[in-house]
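Trainee: I have a model open in front of me. Could you teach me how to read its features?

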Amino acid sequence: NEPNYHVVDTIKVFSGIKPIIYDIHDLTSMRTGKKCSKEKYSYENSDMIIQVSEQFIDYCNNLYINKPTEVIYSSPSKKNIKTKIISDSQKKYCSFVYQGGIFDPSWNKKTRYSYRNYYPFFKSILKAGHKVDVFTKIDKSRLPSYVELSNQYEKFNLQGHLEYEDLIAKMSEYDFGLAGFNFEKIHSKAAKKYLNAALGNKMFDYLAAGIPVVTFNANAMSSFVVSNNCGLEKIKEIDWKSVINTNFDSKQISQIAIKYCMENQIDKLTELYKKLINK
């Protein structure tokens, strides 16, 4: 949707002539904590709204005139879904995987994307004796803190970048996927509220790989994995020993991945368009 002006222009030209769906992926007002007149106009003058989480729906329902709204997830194709093969051997430690962008704490002059500073989370897992591997496009030369972490802990590895299908297959070898945010340098209540309402794509990638998701500082993702019994929320009161002692059925996780796969989301979206056109 952002920057919203093109949605406003479309509505002004086609309102009453063609049905218009406002597909929101970045709520400007929620992220910035400031009113956005173009977002308000787009929301209240569209025929239907598509959001990425129930939390975003609740936010808009309290701010704007209520409109017919549906949640459509951004998830992998059914063809990418794996059923994890569980080893019979007892492991002395668990393996965690993170994929996506990260923020190096050495970037002192930068604040943008500091919510991706996963250094303290990775270190707490490593100190508990477990393994962490990271798949990211960011070159090691820009990640000195994480390189130093790999020098300190042999169980920490910066794996670099893999093409999507290879990444899903590789991640199925791990025990848990990590998804969440670091609020240490986020002082804006609006930004925290926005991040807590976000439903990250990586969560569905982990499920496609057949592994449960461990979430932190991410209410919408935590709500999803807990309600679907495909992961758990890591809070301060829960140590990593408690996390790894939680059992998950890999077949159940694959079933959840299939339930919310791209093909099923496309079918849901197609039905919404049909209903609007038939009106």
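Mentor: We will go through salt bridges, burial, a surface patch, a cavity, a pocket and backbone angles.

Mentor: Start with the ground rules. This is a predicted model, in which local features need pLDDT of at least 70, side-chain atom pairs count only at pLDDT 80 or more, and totals for chains, interfaces and linings use all residues. Residues are numbered from 1 along each chain as its sequence is written, and side-chain values use heavy atoms, with hydrogens and water left out.

Trainee: How many salt bridges are there?

Mentor: The general idea comes first. Side chains of opposite charge can pair when their charged atoms come close. The rule here asks for a side-chain nitrogen of Lys or Arg within 4 Å of a carboxyl oxygen of Asp or Glu. By this rule the count is 6 salt bridges. One of them joins Glu44 and Lys40, at 3.1 Å from N to O.

Trainee: Where do Glu44 and Lys40 lie?

Mentor: Think about helices in general. An α-helix has 3.6 residues a turn, so residues three or four places apart point the same way. Here, Glu44 and Lys40 are both in helix H3, 4 residues apart, or about one turn. Helices (H or I, at least four residues) and strands (E, at least two) are DSSP runs, numbered from the N terminus.

Trainee: Is Glu44 buried or exposed?

Mentor: Use relative accessible area. Buried means under 20%, exposed over 50%, and partly exposed in between (1.4 Å probe, protein chains only). Glu44 has 18%, so Glu44 is buried. Its partner Lys40 has 38% and counts as partly exposed. Ser42, also in helix H3 (residues 37–45), has 0% and is therefore buried.

Trainee: Which residue pairs with Glu70?

Mentor: Lys268 does, with the closest N and O atoms 3.8 Å apart. Glu70 sits in strand E3 (residues 69–71) and Lys268 in helix H13 (residues 262–278), so this pair ties together parts that are 198 residues apart in sequence. Glu70 is partly exposed at 29%. Lys268 is partly exposed too, at 34%.

Mentor: Another bridge links Lys170 and Glu173, with the closest N and O atoms 3.1 Å apart. Lys170 is partly exposed at 30%. Glu173 is partly exposed at 49%.

Trainee: Which residues form a nonpolar patch on the surface?

Mentor: Patches take residues with over 30% relative accessible area and no salt bridge; like charges are joined within 9 Å, and nonpolar side chains (Val, Leu, Ile, Met, Phe, Trp, Tyr) within 5 Å. Here Val13, Phe14 and Ile17 make such a patch, with about 300 Å² of accessible area together. Accessible areas come from the Shrake-Rupley method with a 1.4 Å probe; for residues, only the protein chains shown count as cover. Ile17 lies in the loop between helix H1 (5–14) and strand E1 (21–23). At 60%, Ile17 is exposed.

Trainee: What lines the largest cavity?

Mentor: Picture a 1 Å grid over the protein atoms alone. A cavity is a set of points where a 1.4 Å probe fits but cannot get out; a pocket is an open set with protein on both sides within 12 Å along at least five of seven lines; lining residues have an atom within 4 Å of a point. Points are joined across faces, edges and corners, and a volume is the space filled by probe spheres set on the points. The structure has 1 cavity of 30 Å³ or more. Its lining includes Ser75, Pro76, Phe204 and Tyr260. Helix H9 (residues 201–208) gives the most to this lining, with 3 residues.

Trainee: How many residues line the largest pocket?

Mentor: The answer is 34, with Tyr115, Arg116, Phe181, Tyr194 and Leu195 nearest the centre. The space in this pocket is about 980 Å³. H9 gives the most here, with 4 residues.

Trainee: What is the phi of Asn217?

Mentor: Phi of Asn217 is positive, about 50°, although Asn217 is not a glycine. Asn217 is in the loop between strand E8 (213–216) and H10. Asn229 has a positive phi near 50° as well, just after H10. Asn217 is partly exposed at 32%, and Asn229 is partly exposed at 46%.
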